[in-house]
Amino acid sequence: MFGNTDLQELVFGRLTLEAIPFHDPILLVTFAVVAIGGAALLGALTYYRLWGYLWTEWFTSVDHKKIGIMYIVLALVMLLRGFSDAILMRTQQAIAFGQVEGYLPPHHYDQIFTAHGVIMIFFVAMPFVTGLMNFVVPLQIGARDVAFPFLNNFSFWMTAAGAVTVMISLFVGEFARTGWLAFPPLSGPAYSPGVGVDYYIWALQIAGIGTLLSGINLVVTIVKMRAPGMSIMKMPVFTWTSLCTNVLIVAAFPVLTAVLALLSLDRYVGTNFFSNDLGGNPMMYVNLIWIWGHPEVYILILPAFGVFSEVVSTFSGKRLFGYASMVYATVVITILSYLVWLHHFFTMGSGASVNSFFGITTMIISIPTGAKIFNWLFTMYRGRVRFEVPMLWTMGFMVTFTIGGMTGVLLAVPPADFVLHNSLFLVAHFHNVIIGGVLFGMFAGTVYWFPKAFGFKLDPFWGKVSFWFWLSGFWFAFAPLYILGLMGVTRRLQHFEDPSLQIWFVIAAFGAFLVLCGIVAFILSIVFAFVRREQLKDVTGDPWDGRTLEWATSSPPPAYNFAFTPLVHDHDAYSDMKARGYKRPLDGFKAIHMPRNTGAGIVLAGLSIAFGFAMIWYIWWLAALSFAAILVTAIVHSFNYDRDFHIPVEEVMVEEGRRTRALKAAGA
Ligand SMILES: [Cu+2]
């Protein structure tokens, strides 16, 4: 079969049996676990005849609520992968001192920190944020769905396809060893001739299409599909932060696509955009990728800020303090986030004037951010604060993120950054703001809106356990890194000589173990929610005494969200409706126009994986074939006119009647 090298190359490109890591015990064990777990899952789905249900009700669904839930499931699954990489790194750094080499050789360790960063940002934080926005925004603005339902389904599957491409690199070939931003010339063909960087490029390009399209989708939805009366200064704060986030996605992600395309040209056709010679300029790559990279961190944190605004005002039982200043702060942060990117490489040598400019703009960002913190505190002031689980995550955020923000301002001082650049202090800082900010925000939002999505709350006991393990685990894991960074310890080291440092890495490893307990407890809070759903059930549709429009619907909301498009008078639309004595309509229903589910999204994403894999391994016939199939599928779908239907008025009446009766029975 592999006798004739030309034929072999023609058919399999550079893919050979050597690509399968039979020699690596860690990967063999991982493969065995994934294979057995996967087989068990597939077997159970087949045995319980769930494929049909999954295909028609979920995989092909164009319902923003279901797509939102699928994004969050993807984020939680990838969190397990991304966190197992973290545990591998923490244990290696806790033991690899002096004569002890540890169990991860350098080339494997480099892949792990690269994959960890890529997965946590692109396949955990991004799907988490996009999932929450997808589920909540149309409900908050009184819309039936997003502007482009099919595009929404396709965007989700392209994100999932990117995640699958990264996972394939675990068992076929290798992943990049360059760090999560793949700086050239290390990521160029001269220093990374293998498939690792190509996996990186194609996984991000495929997922990037999904992200950009969902960004466009949500911007159009928020601008064009708000309920009557909801002027922009009557939009809920979560919707405002989502609007700014998606504007940043539309502005920043094309830069990532372009810079990765230029790197691909260097790798595939031998151009010299980012090489060290022949006119290439590696720092151009670093500038371009951080022109995307810094807005990216605000793409992640702004929706979390939106979650905290909703949670604080709901659980303080008060209007949000300083609504207008909250909106202005969000817009100012959005604009400034595009003017700070060079603080990621003050050490490039661009001179005092340029560094001072970027140092000052970076410090200025802390002002609108600080304004938000004070607005949340003033909202709680004299409020009847209920410390339900979402509020616990919010309190944890306020303390943790503020400290992370302060170390950020410290790093924004170029002379200080010259000392701390690429040290463990920097690693502690960005985990401080991403875990303490984005992740705590996503957990708060998930616990807050879960009863809206499923009709029952997450288990509060395990929810609280998860919070306390995460909060204590975070500080045990990263406080030592701040200290090690101040002692000059560099990031991304696989082995150490100085034994006096070891105690700090052991404490950090203990912290990672506590976070693992936090993850397990979070999963248990979901499992026990389903087990105890009768006790945790909420028929009112408003388990927290919410203030914004999504709480006016029942839980879970009907596929069409609202039988009648609501009229809005205030950004706390639902509290206002309740104050005006809002009564659910009992008649006057109409048939409702709805888009039909379609399999085109998942098929196109599947073909994109095949195309990416073929490009990575130089299997040109497969690349051409899959590309042609993508074009044909897209064209066929565009001619499929049977794309929508009407829910008959009788069905709407039955649905609304059932809900009105349930509410009455609950005394709501
Ligand atoms: Cu930055």
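**Exercise 1. Place Asp 24 in the predicted model, and say whether Asp 24 is buried or exposed.**

Start with the location: Asp 24 sits in the loop between helix H1 (5-12) and helix H2 (25-47). Keep in mind as you go that this is a predicted model.

Next, look at accessibility. The cut-off for buried is under 20% relative accessible area. Asp 24 has 11% relative accessibility, so Asp 24 counts as buried.

Finally, find a partner from further along the chain. His 108 is 84 residues apart from Asp 24, and their C-alpha atoms are separated by 9.6 Å.

**Exercise 2. Work out which residues coordinate the copper ion, and where His 294 and His 343 come from.**

Step one is the list of donors. The copper ion is coordinated by His 294 through ND1, His 343 through NE2 and His 344 through NE2, at 1.8 to 2.0 Å.

Step two is the sequence pattern: the donor residues are spaced H-x48-H-H.

Step three is to put the pair on the fold. His 294 belongs to helix H9 (residues 282-316), while His 343 is in the loop between H10 and H11, so the pair ties together parts that are 49 residues apart in sequence. Both His 294 and His 343 are buried.

**Exercise 3. Describe how helix H10 and helix H11 pack.**

Here's the general recipe. Two packed helices are described by the angle between their axes and the distance between the axes.

Apply that to H10 (residues 323-336) and H11 (residues 352-380): their axes come within 9 Å and cross at roughly 155°. Angles over 145 degrees count as roughly antiparallel. That makes H10 roughly antiparallel to H11.

Then check the handedness: the H10 and H11 crossing is left-handed.

Now see who touches whom. On the H10 side you'll find, among them, Met 326, Val 332 and Leu 336, and on the H11 side the contact residues include Ile 364, Lys 372 and Trp 376. By class, the contact of H10 with H11 has 9 nonpolar, 4 polar and 1 charged residues.

**Exercise 4. Do the job again for H9 with H12.**

The axes of H9 and H12 come within 9 Å, and they cross at roughly 125°. H9 and H12 are therefore oblique to each other. As for handedness, H9 passes H12 in a left-handed crossing.

For the contact itself, H9 brings residues including Phe 305, Phe 308 and Phe 315, and H12 brings residues including Trp 393, Phe 397 and Phe 401. The classes here are 12 nonpolar, 2 polar and no charged residues.

**Exercise 5. Describe the packing of H6 with H7, then trace the contacts of Ser 608.**

The axes of H6 and H7 come within 8 Å and cross at roughly 160°. That makes H6 roughly antiparallel to H7, and their crossing is left-handed.

Among the H6 residues in this contact are Met 158 and Gly 162, and among those of H7 are Ile 206 and Gly 210. The contact of H6 with H7 divides into 12 nonpolar, 10 polar and no charged residues.

Now turn to Ser 608, which is in helix H19 (residues 600-616). Leaving aside neighbours within four places in sequence, Ser 608 is in contact with Met 158, Ile 206 and Ile 630. Met 158 is one of the H6 residues and Ile 206 one of the H7 residues you just met. Ser 608 itself is buried, with a relative accessible area of 8%.

**Exercise 6. Find where the backbone does something out of the ordinary at Pro 185, Pro 556, Leu 278 and Arg 382.**

Begin with what you'd expect: most residues other than glycine have a negative phi, and most peptide bonds are trans.

Take the peptide bonds first. The one from Pro 184 to Pro 185 is cis, with omega near 0°, and Pro 185 is in the loop between helix H6 (149-171) and helix H7 (196-224). Another cis peptide bond joins Ser 555 and Pro 556, with omega about -15°. Pro 556 is in the loop between helix H17 (533-536) and helix H18 (573-579).

Then go to phi. Leu 278 isn't a glycine, yet has a positive phi of about 55°. Leu 278 lies in the loop between helix H8 (237-268) and H9, and is exposed, with a relative accessible area of 69%.

Arg 382 also has a positive phi, near 60°. Arg 382 is in the loop between H11 and helix H12 (389-411), and is exposed at a relative accessible area of 73%.

Methods
Residues numbered from 1 in each chain as written. Predicted model: local features only at pLDDT ≥ 70, side-chain atom pairs only at ≥ 80, totals over all residues. Heavy atoms only, no water. Axes fitted to C-alpha atoms, helices over the stretch in contact; angles between N-to-C directions. Helix = DSSP H or I, 4+ residues; strand = E, 2+ residues; numbered from the N terminus. Parallel < 35°, antiparallel > 145°, perpendicular 65-115°, else oblique. Left-handed = near helix turned anticlockwise from the far one by under 90°. Contact = heavy atoms within 4.5 Å. Nonpolar A, V, L, I, M, F, W, Y, C, P; charged D, E, K, R; others polar. Donors = N, O, S within 2.8 Å, 3.2 Å for Na, K, Ca; no water. Buried < 20%, exposed > 50% of the residue type's maximum accessible area, 1.4 Å probe, protein only.
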